[in-house]
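Me: I have a model open and would like to talk through the reasoning behind its labels. Could you take me through it?

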Amino acid sequence: MTPDLMHAWQVSRPGPLAESPLNPSQLPVPIPGPGEVLVRVSACGVCRTDLHVVMGDLPTHRSPVTPGHEVVGRVVLNGTGASRFQPGERIGIPWLRYTCGACRFCNTGRENLCLEPRFTGWDDDGGYAEYATVPELFAYRIPEQFNDVTAAPLLCAGIIGFRALERASLPAGGQLGLYGFGASAHLAAQIAMHRGATVHVLTRSASARHLALELGCASAGDAADAPPERLDSAILFAPVGELVPVALQAIDRGGTLAIAGIHLSDVPSLNYQSHLFQERQIRSVTANTRSDGERFLAEAAAADIQVHTTPYPPTAADRALADLWDDRVDGAAVLDWS
Ligand SMILES: [Zn+2]
Ligand SMILES: [Zn+2]
């Protein structure tokens with residue numbers, strides 16, 4: 001039996017963590033609309049984007065809102081017309097939960113740029129709750145080898161890291177630099193190495209450098225260090241604009257820098273000769289298509305990637321966010337609702 005009420009976290013007034021913008025509450029269990037499914041949440045990843053929602057770096061789209069967009073759970077109820085999943089099936093709810101299907105981007109295979117998208121935990125309530133809904137067409141089946149907690153970070157950190165890797169246009173067998181090494185980067189690194197790349201990690205976190213070497217990355221230095229070799233491509237995961245010129249200087253002629261975050265502090269002025277000339281490129285990464293998600297989950301399973309998580313009890317979502325803000329999380333923070 002599904003209860004009437006559930007525990008959930010809500011943001012009503014985004015602001016600095018010291019002002020406790022995220023609060024526990026009791027809410028009605030949501031009712032799945034047409035084409036939606038209701039999921040009993042078993043795990044929800046804590047993503048940096050949740051920090052941006054909670055702290056107000058991103059504009060408010062829904063208030064109050066329950067954050068969380070790396071949601072693993074089991075289907076309990078199909079809404080009208082929903083039939084893709086059976087009750088009891090394990091599915092994942094990702095960041096991208098609706099695209100219009102009609103705009104010039106949706107019509108050209110670029111639904112990540114849709115003009116009217118909706119995002120979980122920003123436009124609609126997410127998985128910092130015991131139950132959540134999702135339009136069935138935007139949910140994913142999850143490869144069996146990942147348990148609920150390790151599967152959660154795949155749903156945003158993993159998918160966005162995968163798209164960033166695609167956007168970085170890394171040549172076969174190339175040298176890839178990763179600036180920042182949190183949840184997303186440690187997954188993208190393993191996909192890249194499985195494809196034959198050499199990966200150099202540049203991050204201020206000593207424990208993240210340790211994890212990078214343990215996973216097989218070729219080198220791990222401080223964020224502003226020069227990598228030991230010229231990079232063919234780089235991905236900036238840290239939300240730090242000051243690292244843009246640093247990364248551009250480290251990449252070779254014709255190389256590409258992909259910026260993975262949804263939010264970046266201001267980029268300092270660039271010098272054309274030392275940062276851009278010789279066909280170096282900067283590309284941003286915006287959300288993902290459902291095809292990115294499906295291809296990533298298949299490749300993650302084939303590469304048997306290791307997902308490093310720091311689990312938190314669901315009563316400690318506020319502490320998980322504070323730890324993420326203070327760079328105290330190794331791998332990915334995950335709320336374990338099971
Ligand atoms: Zn669209
Ligand atoms: Zn995310």
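Reply: Gladly! The donors of the zinc ion (ligand 2) follow the spacing C-x21-H-x86-C along the chain. Of these, H69 in the loop between α1 (48-55) and β4 (71-78) and C156 in the loop between α2 (148-151) and α3 (157-167) link distant parts of the chain, 87 residues apart. Please keep in mind that this is a predicted model, where local features need pLDDT of at least 70, side-chain atom pairs count only at pLDDT 80 or more, and totals for chains, interfaces and linings use all residues. Residues are numbered from 1 along each chain as its sequence is written, chains are lettered from A and ligands numbered from 1 in the order in which they are written, and side-chain values use heavy atoms, with hydrogens and water left out.

Me: What makes C47, H69 and C156 the protein donors of the zinc ion (ligand 2)?

Reply: Their atoms C47 (SG), H69 (NE2) and C156 (SG) lie 2.0 to 2.2 Å from the zinc ion. Donors are N, O and S atoms within 2.8 Å of the metal (3.2 Å for Na, K and Ca), and water is not among the atoms, so sites may look incomplete.

Me: Why do H69 and C156 count as buried?

Reply: Buried means under 20% relative accessible area, exposed over 50%, and partly exposed in between (1.4 Å probe, protein chains only). H69 has 0% relative accessibility, so H69 is buried, and C156 at 7% is therefore buried too.

Me: How do you know that the arrangement around the zinc ion (ligand 1) is tetrahedral?

Reply: The zinc ion (ligand 1) is coordinated by C100 (SG), C103 (SG), C106 (SG) and C114 (SG), at 2.3 to 2.4 Å. Four donors count as tetrahedral if all angles lie between 85 and 135 degrees. Here the four donor atoms subtend angles of 103 to 119°, so the arrangement is tetrahedral.

Me: And T150, why is that residue called buried?

Reply: T150 is in helix α2. Its relative accessibility is 17%, so T150 counts as buried. T150 touches V307 and T309, leaving aside residues up to four places away in sequence; contact means heavy atoms within 4.5 Å.

Me: What makes α3 oblique to α4?

Reply: The axes of α3 and helix α4 (residues 183-194) come within 8 Å and cross at roughly 55°. That angle makes α3 oblique to α4, because angles under 35 degrees count as roughly parallel, over 145 as roughly antiparallel, 65 to 115 as roughly perpendicular and the rest as oblique. Residues making the contact include I160 and L165 of α3 and L187 and I191 of α4.

Note on methods: Helices (H or I, at least four residues) and strands (E, at least two) are DSSP runs, numbered from the N terminus. Four donors count as tetrahedral if all angles lie between 85 and 135 degrees; four count as square planar and six as octahedral if opposite donors are over 155 degrees apart and all others between 65 and 115; anything else is irregular. Axes are lines fitted to C-alpha atoms, for helices over the stretch in contact, and angles run from 0 to 180 degrees between N-to-C directions.
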